[in-house]
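These are my notebook entries on one protein structure. I looked up strand pairing, the nonpolar core, selected residues and charged pairs.

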Amino acid sequence: MTNRLVILVLSTVLVAVTGCDADSTPEVAPAVSAAQAQKADTGEVARQGQINADLSITGDLAARVVGKGGVCDATDWSFISDQDFGVRPRFTFEVEIDSMPKLALNIDGDSYVAFPGSKQGQFEITPEKIRLDADVVSFQGRKSHLKGVLVCERV
């Protein structure tokens with residue numbers, strides 16, 4: 001009987017502390033990157049910009065991306081080839097700048113990735129400019145080569 005009383009008291013305390021009833025699931029806060037947390041702490045707001053691209057892609061994916069499109073800020077760059085630059089085939093391009101920066105291409109459900117400093121070539125990344133001369137390898141073994149410069153022009 002005392003064990004049941006202790007469990008009941010602990011359950012009541014837990015419910016009171018978490019602010020939810022015993023039958024509900026507690027809400028989980030979304031993950032926040034280190035750069036986003038730093039911006040939140042300093043009150044700094046990232047200014048969004050547009051990508052000025054001069055990029056050649058060869059290999060399994062072949063495309064030439066030139067002009068302005070997509071969006072960029074201090075932590076994220078992205079564009080959809082046909083929507084933002086009028087380039088076929090359709091693919092998405094994303095770069096995440098945080099403590100472990102990465103570049104990802106997604107083509108028809110197949111993801112290609114590259115990381116700065118890898119053996120896949122040159123991949124220099126700053127919040128203002130990305131310079132590429134690197135291979136990106138898909139999870140299914142396909143490979144493309146990206147060469148060029150992307151500049152984030154702030155608005």
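Entry 1, strand pairing. I began with the term that I needed: two strands pair if DSSP finds at least two bridges between them. I note here that the model is predicted. I then looked up strand β7, residues 121-125, and found that β7 pairs with β8 in the antiparallel sense over 5 bridges. I asked which residue of β8 is the bridge partner of F123. The partner of F123 in β8 is L132. I also recorded that a hairpin of 3 residues joins β7 to β8.

Entry 2, overall composition. I counted 3 helices and 9 strands in the protein. Along the sequence, I read their order as α-α-β-β-β-α-β-β-β-β-β-β. I noted 155 residues in the protein, of which 30% are buried. For the surface, I recorded an exposed area of about 9,800 Å², with carbon and sulfur atoms supplying 55% of it. I then turned to contacts with a separation of 6 or more, and found that residues 24 or more positions apart account for 43% of them.

Entry 3, the nonpolar core. I asked which residues have the most contacts inside the largest nonpolar core. They are F91, F93 and L103, in a core of 29 residues. Strand β1, residues 49-59, gives the largest share of this core, with 4 residues. I followed L103 further, leaving out residues up to four places away in sequence, and found that L103 touches F93, E94, V95, Y112, V113, A114, F123, L132, V136 and L146. I noted that the bridge partners F123 and L132 are both among the residues that L103 touches.

Entry 4, F79. I located F79 in strand β3, which spans residues 76-80. Is F79 buried or exposed? I recorded F79 as buried, because its relative accessibility is 2% and the cut-off for buried is under 20%. Beyond its neighbours within four places in sequence, F79 is in contact with I51, V65, G70, D84, F85, F91, T92 and F93. Of these contacts, I looked up I51 separately: I51 and F79 are 28 residues apart along the chain, and their C-alpha atoms are separated by 8.3 Å. I also noted that F91 and F93, which F79 contacts, are named among the residues with the most contacts inside the largest nonpolar core.

Entry 5, D110. I placed D110 in strand β6, residues 110-114. I recorded D110 as buried, because its relative accessible area is 4%. Leaving aside neighbours within four places in sequence, I listed its contacts as L105, S138, F139, Q140 and R142. With R142, D110 has a polar contact of 2.5 Å between the side chains.

Entry 6, salt bridges. I kept one general point in mind: side chains of opposite charge can pair when their charged atoms come close. How many salt bridges does the count come to? I obtained 7.

I looked at D54 and R64 and found a salt bridge, with the closest N and O atoms 2.8 Å apart. D54 lies in strand β1 and R64 in strand β2, residues 63-72, so this pair ties together parts that are 10 residues apart in sequence. I recorded D54 as partly exposed, with a relative accessible area of 39%, and R64 as partly exposed too, at 46%.

I next examined E96 and K102, which form a salt bridge with the closest N and O atoms 3.5 Å apart. E96 counts as partly exposed at 30% relative accessibility. K102 is partly exposed, with a relative accessible area of 29%.

I then returned to D110, which forms a salt bridge with R142, the closest N and O atoms being 2.5 Å apart. Why does this pair tie together parts that are 32 residues apart in sequence? I found that it does so because D110 lies in strand β6, whereas R142 lies in the loop between β8 (129-138) and β9 (143-154). D110 is buried at 4%, while R142 is partly exposed, with a relative accessible area of 38%.

I closed the entry with D82, R88 and R90, which are joined into one network by salt bridges that share partners.

Methods. Residues numbered from 1 in each chain as written. Predicted model: local features only at pLDDT ≥ 70, side-chain atom pairs only at ≥ 80, totals over all residues. Heavy atoms only, no water. Core = buried A, V, L, I, M, F, W, Y, C linked by side-chain atoms within 4.5 Å. Buried < 20%, exposed > 50% of the residue type's maximum accessible area, 1.4 Å probe, protein only. Helix = DSSP H or I, 4+ residues; strand = E, 2+ residues; numbered from the N terminus. Contact = heavy atoms within 4.5 Å. Polar contact = N/O pair within 3.5 Å; in protein donor to acceptor, adjacent residues only side chain to side chain. Areas by Shrake-Rupley, 256 points an atom, 1.4 Å probe, with all protein chains shown as cover. Salt bridge = Lys/Arg side-chain N within 4 Å of Asp/Glu carboxyl O.
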